[in-house]
Amino acid sequence: MNILALVTEAWNGRGGIAQYNRDLLGALAEHPAVESIQVLARHVPDAGEELPGKVEMSGALGKVGFALHALAAAAKLEQPFIVFCGHINFTPLATLLGRLRQAPVWLQVHGIEAWQRPSPIRAFATERVQLITAVSRHTRCRLLSWTTHSHARVRVLPNTVEERFSPGPKREDLLARFALEGKKVLLTVGRLSAQEQYKGHDRVIRALPELFTRHPQICYLVVGDGDDRGR
């Protein structure tokens, strides 16, 4: 089986969705039933990250260039193949490719982009994909509130972490740097973007005074970078 993956970012990209795509497509590349994965990314930074075996990645500038590149890639792929749609915004293009080549379409949704009914053309296309996977039960429920898909065709495929991200002893240098010795640490890891304040950093900060009354030793540690870091 061959896979054509339409994604926002993957290898060389930054952020959680880029990492999700790397993890998922990298795992699929290791499956013996998968012969090749052609990744078409909307944003491809210049840095050269090594790709797994079976994976090829390219990008295209602009919406028209991206669509033309996807059409050309789909025309070359041998059957059987599937179209992996890494963002709901790509569903019109993905379903067109699937219809032209008689290939099933697999849509991946992550969060806020799928919580409300999208534009009519995207909603129409979403109804015509064969499988939808969501990173959480909450996102799955929100999507099912506006789509007519059966529950069996919308499944949860959660975020994963590498084995190296496992509990271990606390690093003394970090405890000293942030004065965390004896503290109860509340941790948020994520991009600090002015366009993504829905992630909830501000809500946690607003809740801290009440939390302090219950846990005087609490410390809120925020890890991340972005254009909202200064604020």
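## A seven-stranded parallel sheet and its cores

Let's start with isoleucine 37, which sits in strand β2. Keep in mind that this is a predicted model. That strand belongs to an open, parallel-paired sheet of seven strands, and helices α2 and α3 pack against strands of the sheet. Below is a quick tour of the sheet, the helices, the cores and two buried residues.

**Isoleucine 37**
- Isoleucine 37 has a relative accessible area of 1%, so it counts as buried.
- Beyond its neighbours within four places in sequence, isoleucine 37 touches Ile3, Leu25, Leu28, Ala29, Lys54, Val55 and Glu56.
- Glycine 168 comes 131 residues away from isoleucine 37 along the chain, and 35 Å separates their C-alpha atoms.

**The sheet**
- Reading across, the strand order is β3-β2-β1-β4-β5-β6-β7, with parallel pairing.
- The edges belong to β3 (55–59) and β7 (154–156); each has a single partner strand, so one side of each has no neighbour in the sheet.
- On average, neighbouring strands here are turned by 20° against each other, direction ignored.
- Strands β4 (residues 81–85) and β5 (residues 105–109) run parallel and are joined by three bridges.
- Opposite phenylalanine 84 you'll find tryptophan 106 of β5.

**Helices on the sheet**
- Helix α2 (residues 62–76) packs on the sheet and touches β1 (2–7), β2 (36–41), β3 and β4. Its direction is at about 175° to that of β1.
- Helix α3 (residues 91–101) lies across β1, β4 and β5, at about 170° to β4.

**Nonpolar cores**
- The largest nonpolar core counts 30 residues, and Leu6 and Leu97 have the most contacts inside it.
- Two or more residues each come from β1, α2, β4, α3, β5, β6 (131–134) and α5 (137–144).
- With four residues, α2 supplies the largest share of this core.
- Setting aside neighbours within four places in sequence, leucine 6 has a long list of partners, including Leu40, Phe66, Ala70, Val83, Phe84, Phe90, Leu93 and Leu97.
- There's also a second, separate core of 20 residues, with Leu28, Ala29, Trp106 and Val135 among them.

**Histidine 110**
- Histidine 110 is in the loop between β5 and α4 (120–126).
- Loop or not, histidine 110 counts as buried because its relative accessibility is 13%, below the 20% cut-off.
- Past its neighbours within four places in sequence, histidine 110 contacts Ile17, Tyr20, Gly86, Val135 and Thr139.

How values were computed
Residues numbered from 1 in each chain as written. Predicted model: local features only at pLDDT ≥ 70, side-chain atom pairs only at ≥ 80, totals over all residues. Heavy atoms only, no water. Pairing = 2+ DSSP bridges. Axes fitted to C-alpha atoms, helices over the stretch in contact; angles between N-to-C directions. Contact = heavy atoms within 4.5 Å. Core = buried A, V, L, I, M, F, W, Y, C linked by side-chain atoms within 4.5 Å. Buried < 20%, exposed > 50% of the residue type's maximum accessible area, 1.4 Å probe, protein only.
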